[in-house]
Each structure stands twice: as structure tokens, then as C-alpha cells.
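Hello everyone, and thanks for coming. I'd like to walk you through a structure that may be new to you, so let's put it up on the screen.

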Amino acid sequence: MSQISLLSSANSLSRVVLVDKSSYWVGLDVGGTKLSISLVFENDEPLNLGYMNLSSLSDIRDAASQLLGDFTLKDANGIGVGVAGWISSISKSVVFSPHRPELVGVQIPALLNDSSLSRVVLENDANCAALAERDNSWGPLSVIVNFGTGIGMSALYQGQLFKGANGFFGELGHCYVGGSLLCECGATGCLEAELRSCFVSDQDKAEIAAEKKRRYVMLGAHGVSWIIRIMNPSEVIVGGGVPLGWDSFVEEISAEVSRYFPSSHSFVLPKFKAATYKEFSGSVGAAILARSIFN
Ligand SMILES: [Zn+2]
């Protein structure tokens, strides 16, 4: 057995563990702007290999190869691919991807130059993130909301992914929140489009940046409050790129959400948590999914 010692930093506790280097599953997260890659080994230890900007899908194979280093797709037991888009549970393909429209109808295994189609599984990136963040010690219904280029959402009920009738569950970002901004999905006034208008740029003066952040938290909390009212989750896990650049985001959004639930209401609010694997939730979850299927 070929072993390597691995510095695992899951749950904020760094520790050295031994893994069997010859047996692994690869997870790729093809997001709106970047590709992230993680591995999962036989003993369930994840290893995050890094991420790169991905300007074109034609770059995915070279980017994956570069990030994988000594590991290869060819030698993996299975490959999970998380995609920022709507995956049909019937056709097992990308039906719609507002941020990566070129993914629609593409054979992902061919894109990866993987000769064995049967070793690749495709899943929505938020669903992958939920699998990575799954914790059996939590309550019965966990919801994860990823605030990134778009808004991803997924739910785990009794530890199992809730996917809706056709795999289109949790499109929170494309719910109408008002306004007239055109969303990449083709509709106007989507939560996602309104949130994106609040992204702070380097050119923004301090007061403009502060106002954009305030509005982002208000709108984000608006969306999360819908989830809470409709689903009554036990946990809301906050992930995605936005919280990473904004240390107090989770606290701010949970405080804002509580304003939608006045104390006169007898409603138990969920616990709020930051995603453990941060920007690698999607790729870790994709590898976990591959492991559960190609074992
Ligand atoms: Zn939309």
C-alpha cells in the first residue's frame, strides 16, 4: 500500500492522517468562474488540491491535470463533477446553466477525456456542497445556501438529498424578489440578479460599498427567510464565495433574518453555520458522491 501523510484541516482542527494514495475518488466543482478539485480517500479523508479560474470549458482538462499533480483522473476509482446549473435527474445532463451556458448538452466525460463514461457522475454544485457539509450530529433538516456568482441551495432531509420531482429543487436565486434587473436565466427581478448588483468593486467609495453590503445582507436574509418559513429547517449552512471575503457575513445575515421573525411569533429559528469546507464544499461533495456510487 502506498501511503502519504495528509494534513487535514476539516473542522478547523489540523491533524496528520495516513491515506492510501493508490485508491481515491476525484471531485471537480465547475463553478461560474473557476474550477476546484478535491480528492477523497478510502478512509473518508478529503484532500483539497486547489482551484483555478476557468475562462472556457475547453481549458477544463488542462486545468484539472495541473491541479491534480501526481494524481490522475485515469487512476481514480470514480469522478464526481459538480456543476453550477440545473441537472435533470431524468436525462442526467445539464439542462440550463445561467453562468456556464456552454455546459448545456455537453458530455462532461468527453470534456475530461475520460474514456470510461460510467465512472463519471454529474450533480448540481449546491447538492454536492450539501453532501460535503452533511453532519449526522445535526438536526433532521439541513439547508445549505451558497452565496457566490449565483445563489445555490440544497437540502438534506434525514441525511438524504431532497431533489424535487425532476432534480430542480432549490432554485432560490431565481425566485422573484422585485426590481427590473435582467437575470442570466432570462427573467427579471431574480434574487440572484439583485444580489449581484450589490457586489462591491474596487472603484466604489466607502459609503457606496457599505450601502451595497447592507442591501446584500437585507436581500440575502429575505431569501433565507422564505426558506425558513416554508421548510422549517434545523440548520442553515452558509457557503459560497461571498462569505469568504466577508468575515462577519454569517453573523450579519442570521441577525437580519431574525428581524423577519418578530418575538411575538412562536417560531424556532434554525442554527446558522459557516460551511466547513469553504470554497471546496462543492468539490469535496462531488468526490463523496463519486465514492458512494463507484465503490
Ligand atoms: Zn434568474
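**A walk through the chain**

Let me start with one pair of residues: S142 stands opposite E235 in β13. That pair belongs to β10 and β13, which run parallel and are joined by five bridges. When I say that strands pair, I mean that DSSP finds at least two bridges between them. Helices (H or I, at least four residues) and strands (E, at least two) are DSSP runs, and they are numbered from the N terminus.

Before going on, a word on what you are looking at. This is a predicted model, where local features need pLDDT of at least 70, side-chain atom pairs count only at pLDDT 80 or more, and totals for chains, interfaces and linings use all residues. Residues are numbered from 1 along each chain as its sequence is written.

Now back to β10. On which strand does I144 find its bridge partner? The partner is S154, in β11. β10 and β11 pair in the antiparallel sense over seven bridges, and the two form a hairpin with three residues between them. Six of the seven residues of β10 are buried. Buried here means that 20 or more other C-beta atoms lie within 10 Å of the residue's own; exposed means 12 or fewer, and partly exposed is in between, with C-beta atoms placed from the backbone.

Let's step back to the whole chain. It has eight helices and 14 strands. Its C-alpha atoms fill a box of roughly 60 × 40 × 40 Å along the principal axes. How does the radius of gyration fit with a compact globule? For 295 residues such a globule would have a radius near 19 Å, and the chain agrees because it has 19 Å. That radius is taken over C-alpha atoms, and the globule rule is 2.2 Å times the number of residues to the power 0.38. Of the 295 residues, 40% are buried.

The domain assignment splits the chain into domain 1 (3-129 + 282-293) and domain 2 (135-278); such bounds come from an automatic or database domain assignment. Between the C-alpha centres of the two there are 24 Å. Across the boundary, 18 residues of domain 1 are in contact with 20 residues of domain 2, where contact means that the C-beta atoms, placed from the backbone, lie within 7 Å. On the domain 1 side, the elements giving two or more residues are β7 (86-87) and α3 (125-133). The largest share there, four residues, comes from α3.

Next, please look at the open sheet of five strands, in the order β5-β4-β3-β6-β9, with mixed pairing. Which strands sit at its edges? They are β5 (46-53) and β9 (120-124), each pairing on one side only. Neighbouring strands in this sheet are turned by 20 degrees against each other on average, direction ignored. Inside the sheet, β3 (residues 24-30) and β4 (residues 34-41) run antiparallel and are joined by seven bridges; L28 stands opposite I37 in β4.

Two helices meet this sheet. Helix α1 (residues 60-68) lies across β3, β4 and β5, at about 45 degrees to β4. Helix α8 (residues 281-293) packs on the sheet too, touching β3, β4, β5, β6 (79-83) and β9, and its direction makes about 135 degrees with that of β3. For these angles, axes are lines fitted to C-alpha atoms, for helices over the stretch in contact, and values run from 0 to 180 degrees between N-to-C directions.

Now for helix α5 (residues 206-231). Its 26 residues reach 37 Å from first C-alpha to last, close to the 38 Å expected, a span given by 1.5 Å times one less than the number of residues. Buried residues in α5 include Y216, L219 and A221. The buried residues of this helix pack against β10 (141-147), β11 (151-157), α4 (191-196), β13 (235-239) and α7. Just after α5, N232 takes a positive phi of about 50 degrees.

Let me finish with two single residues. Is F199, in the loop between α4 and α5, buried or exposed? F199 is exposed, because it has 12 other C-beta atoms within 10 Å. E256 lies in helix α7 (residues 249-259) and touches V217, M218 and A221, leaving aside residues up to four places away in sequence. With 18 C-beta neighbours inside 10 Å, E256 counts as partly exposed.
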